[in-house]
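Q: Could you walk me through reading metal sites in a model like this one?

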Amino acid sequence: MEKNRKLAKIFDRIADFLEFKGDSIYRVNAYRKVARVIKDLPVDVEEVYRQGRLKEIHGIGEKIGKKIAQYFEDGTIRKYEELRREVPEELIILLDVPNLGPKTLRLAHEYLGVRNLNDLKRVIGDGSLARLPGMGSKKVRKIEKGLEMFMKGQERMLLGEALQIGEKMVHHLTPYAAKLSLAGSLRRMRETIGDLDILTTGENEGIMEAFVNTPGVKDVLAKGETKASIIVDDTQIDLRVVQEGEWGAALQYFTGSKEHNVHLREIARGMGLKVNEYGIFTMEEDRRVGGIREEEVYQALGLEYVPPELREDRGEIEAAAHSALPRLVELHEIKGDLHVHSQWSDGTATLEEIAWEGARLGYEYVAVTDHSKSMRIAHGLDEKRLEEQMKAIRDINARGVGAYLLAGIEVDIHPDGSLDLDDAVLKELDWVVASVHSHFGQDATERIIAACQSPWVHCIGHPTGRIIFSRDPYPMDLDAVLRAAAATGTALEINAHQDRLDLSDLHARKAKEMGVKLALGTDSHHLGQLWMMRLGVGVARRGWLEPRDVINTYPLKELLAFTRKSR
Ligand code: DGT
Ligand code: CA
Ligand code: CA
Ligand code: ZN
């Protein structure tokens, strides 16, 4: 929902500008809320506007409606343009640095003359930012971290975003191509992506033209016979056209990773072979021995075929040499989503809609896990409303509507390790996810271990709390948490939302090695996010997980047996 995101960003900017100017926090927050509503909208905001139905959206009043109308009629919002003129142009980009609020930016600008990224780095480095009133070294360290993440975000993008762009491009090019595949880090499902790589065979000459004329192309960086690069949505896409007979070798080469490929070539050399993007050759006679199919590269080197997600030179080549690669979990084996929010808290879907969408995705079950009461901005459920919701869920299940709904909760873990809801209610639930949503600066180890030890908690949600490009994990001894999870039979989540992917691939692999089960959940707040399960499966595969390691592969009965075991 590209349009929703762009419009939301403008309202967020209005809030930033007002805050920069020192306007009332009440007005600032009102605009922030509008931005959030638009960003989370499950439908295209322009369509809603064209149908004259903006007023049906909860959280959008008449005044905001007028501004949205300006945006779609005139291409911009007057208030936004006015405010923008009052903030120095160069400073605007700095508003996106995490942990650096508009107010601090204003101070840095007025007192220290900060106008751009380099200035900001300088005043962090020489200590002058820390000496400003109300700042101090702790705050500055956080800003420094934020700046680091910001720089990374400028260079890379989220896997989920890249996948959507990449698949649109594959769809666009398919009519012109005999063979076509995503390659590079996207095919390996890395959590962030630098640029997109697409590989195709050179049967059809129309493909280059089609590629550089893709709707939405901003810039053509290069265009030759076999290579082209374009910019779409601020994203670089590289296309390579190879000979049909070289397809397998090229796909292997351009999938990477570089480290994996370097290691393979070393092995090849030891066997008197040469592997490159054109094929596999004997060193002595330079005779070609393969390269049409990707599998041939691994076969020639005496290796099992290595799935793309494992190609990071993290031991997969050694395992392949001993036929000891894991049998990785696959998307079609996932029988349900274990983290979904409904209208009852801050989601937008009704319980029935979730059940039907689950069925449409081929799921046997979906866990409804709304927020608990201390998440007040999210309309978290107290004991009474949770009881009501449970009744509604049991009723839907009794009527056999769509996928089976597990009555669940995402219960907050308080700073002291206690849970946000009474045990008496928690013990009635089918699926209890416990998560940290506050006091991110404080060490979370004891808090999460305490949650693992509760007999009513089945799973720890987004265990490290990181948000890619914007929030670091809270301080935590992950090993200690893994030990507690293993000892208590508590699952750890792989939160499949593109912003989180938490646990990460390496952490998930460690969890498996320590005997901890993993639970995949999309953390969806509307139906348009359930597709992100694919991303979670990507992380699971990169973590070497097999079907038994991921409890979402269990049929309902077995999943319920798992949840009873720890009680
Ligand atoms: P990214 O784009 O930073 O997310 O990561 P990749 O892995 O997609 O890297 P990219 O786009 O630079 O290159 C795509 C693939 O091409 C890479 O995974 C392996 C291959 N490749 C690129 N440069 C080299 C190289 O210098 N040596 C070797 N062996 N392979 C390379
Ligand atoms: Ca790439
Ligand atoms: Ca590339
Ligand atoms: Zn959460």
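Here is a short dialogue on the calcium sites.

A: Happily! This is a predicted model, where local features need pLDDT of at least 70, side-chain atom pairs count only at pLDDT 80 or more, and totals for chains, interfaces and linings use all residues. Residues are numbered from 1 along each chain as its sequence is written, chains are lettered from A and ligands numbered from 1 in the order written, and side-chain values use heavy atoms, leaving out hydrogens and water.

Q: Which protein donors hold the calcium ion (ligand 2)?

A: Donors are N, O and S atoms within 2.8 Å of the metal (3.2 Å for Na, K and Ca); water is not among the atoms, so sites may look incomplete. Here they are D195 (O), D195 (OD) and D197 (OD), 2.2 to 2.5 Å from the ion.

Q: And which protein donors does the calcium ion (ligand 3) have?

A: D195 (OD), D195 (OD), D197 (OD) and D238 (OD), at 2.3 to 2.7 Å. Along the chain, the donors of this ion follow the spacing D-x1-D-x40-D.

Q: Which residue bridges the two ions?

A: D195 bridges ligand 2 and ligand 3, which lie 3.7 Å apart.

Q: Is D197 buried or exposed?

A: Buried means under 20% relative accessible area, exposed over 50%, partly exposed in between (1.4 Å probe, protein chains only). D197 is buried at 18%, while D195 is partly exposed at 25%.
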